[in-house]
Amino acid sequence: MTPLLFSRFRLRDLTVRNRMWLSPMCQYSVVARDGVPTDWHLVHLGGRAAGGFGLVMSEGTAVTPEGRISPEDTGLWNDAQAEAWARVVAFVQGQGAAAGIQLAHAGRKASTHAMAQKRDGTISAAEGGWTAVAPSAVAFPGLDVPHELTAAEIAEVVAAFGAAAARADRAGFDLVELHGAHGYLIHQFLSPLSNFRTDAYGGSFENRTRFVREVVSAVRESWPAGKPLSIRFSGREWAPGGWTLEETAELARRLGPLGVDLVDVSSGGVVAPQERVTVGPGYQVGFAQEIRKLSGLPTAAVGMITEPAQAEEILVEGAADVVLFGRVALREPAWPLRAAAELGVARHAAPYPTQYLKGAWPRTDPVRERRNADR
Ligand SMILES: Cc1cc2nc3c(=O)[nH]c(=O)nc-3n(C[C@H](O)[C@H](O)[C@H](O)COP(=O)(O)O)c2cc1C
């Protein structure tokens, strides 16, 4: 029996070769602050495609310049960026993987130093930083107070998501994911801990979810009907009074008819954690399971899933439909090939590029293995 991890997964017209997907991870590798992906992105994402992942998701990619977390983030607000992405997409697809892009806007968490710089706070204007925008003029702890978006400015951001999705299509991407988690703009609208608006975008559940529903509709208008759309949510916040699992499930239920095909379930990020977060293997899987059950939509599980048997179990239990891998894929670009060996998948059925077959995980027969090396 083929392990579920190695079974195909279909969303709309896209059939993905397996259920081991690369989680979106910012690389902070853009030069000249122009949002254009570089050879780093080609090698990083291309390497994971060659390593057997079924779908390779780009890092959180900003839909406007102000929506970048850091100046080194990738973007998709102009055609030069789309052209550079097209090269990455073509290579990824050439390896048999599907190419996904996570479209993002950092909101009040924008204009911060790239992770490796180990510097807190907002980047000053003198250093090339910019004023962040948000649902409300309330700062994320340690960052500058953002500008509160007017209704007209909200409409512009919604349109920017739609325009970026159109470019993603032109670049050849197979799937768009919206970043609605980790305390970035979409999540800032959802959470009562960051949205204090008194207009149509704040207050009730209906109003707090208006922005994301508008974004989904705008993206669906410019993203082909045959291509799938996923969304990442923080299934819950680690703070009292925040966005809840039940709200996430209810929102997911409503987003299905608007064109969302899969919910990728993470947690936290809108404020610093105020509850004890029990982080351990698969600590967010239960959220994906609950949302899958309550919303009826397929889900992706993510977070400290590092072992093949553990990942397989998540699918067998029906907690999620696909598994996303983050940090383990940074240290093991060909994690799915190890998984194939550990789960007993035959070499010919594992997603090896032909160029790497000689290095396939060893057969149990040492004589054949020796002969294999001699040739
Ligand atoms: C370097 C790095 C960059 C990340 N960037 C993003 C991002 O752009 N978008 C996102 O949704 N999550 C991002 N994440 C979170 C990961 O996608 C993933 O959810 C998280 O690392 C937990 O999964 P893991 O335990 O398999 O690493 C990032 C994580 C890391 C380590």
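Two strands count as paired here if DSSP finds at least two bridges between them. By that rule, strand 3 (residues 20-22) and strand 4 of this predicted model run parallel and are joined by 2 bridges, with tryptophan 21 standing opposite leucine 55 in strand 4. Strand 4 then carries on to strand 5, again in parallel, through 6 bridges; here alanine 62 has alanine 104 of strand 5 as its bridge partner. Strand 4 is also well covered, with 8 of its 8 residues buried.

These pairings belong to a bigger arrangement. The strands form a closed barrel of 8, in the order 3-4-5-8-9-10-11-12, with parallel pairing. From one strand to the next, the twist averages 30 degrees. On the sheet sits helix 8 (residues 285-295), which touches strand 10 (262-266) and strand 11 (299-301). The direction of helix 8 makes about 175 degrees with that of strand 11.

Strand 8 (residues 175-180) deserves a closer look. On one side, strand 8 pairs with strand 5 (residues 98-104) in the parallel sense over 4 bridges; strand 8 also pairs with strand 9 (residues 229-234), parallel too, over 5 bridges. Leucine 178 takes part in both pairings: leucine 103 stands opposite it, and isoleucine 231 is its bridge partner in strand 9. Next along, histidine 179 has arginine 232 as its bridge partner in strand 9.

In a regular strand the side chains alternate between the two faces of the sheet. For strand 8, both of those faces are covered. Leu175, Glu177 and His179 are buried on one side, and Val176, Leu178 and Gly180 are buried on the other. That fits the overall tally for strand 8, in which 6 of 6 residues are buried.

Val176 turns up again in the largest nonpolar core, which has 105 residues. Along with Phe161, Ala300, Ala301 and Val323, Val176 is one of the residues that touch the most other members. Helix 3 (residues 151-171) supplies the largest share of this core, 9 residues. As for phenylalanine 161, its contacts beyond the neighbours within four places in sequence are Val63, Leu103, Val215, Ala218 and Val219. Leu103 in that list is the leucine that stands opposite leucine 178 in strand 8.

Then there is the ligand. Its shell holds 20 residues, and the closest are Ser23, Met25, Gly60, Gly326 and Arg327. Strand 4 (55-62) and helix 10 (327-331) are the elements that give two or more residues to this shell. By character, the shell divides into 9 nonpolar, 8 polar and 3 charged residues.

Finally, a word on backbone angles. Most residues other than glycine have a negative phi. Arginine 12 goes the other way, with a positive phi of about 50 degrees. The residue lies in the loop between strand 1 (9-11) and strand 2 (14-16), and arginine 12 counts as partly exposed because it has 15 C-beta neighbours inside 10 Å. Lysine 118 likewise has a positive phi, near 50 degrees, and is found in the loop between strand 5 and strand 6 (133-134). With 7 C-beta neighbours inside 10 Å, lysine 118 counts as exposed.

Definitions and conventions: Residues numbered from 1 in each chain as written. Predicted model: local features only at pLDDT ≥ 70, side-chain atom pairs only at ≥ 80, totals over all residues. Buried ≥ 20, exposed ≤ 12 C-beta atoms within 10 Å, placed from the backbone. Near = placed C-beta within 6 Å. Nonpolar A, V, L, I, M, F, W, Y, C, P; charged D, E, K, R; others polar. Core = buried A, V, L, I, M, F, W, Y, C linked by C-beta atoms within 7 Å. Contact = placed C-beta atoms within 7 Å. Axes fitted to C-alpha atoms, helices over the stretch in contact; angles between N-to-C directions.
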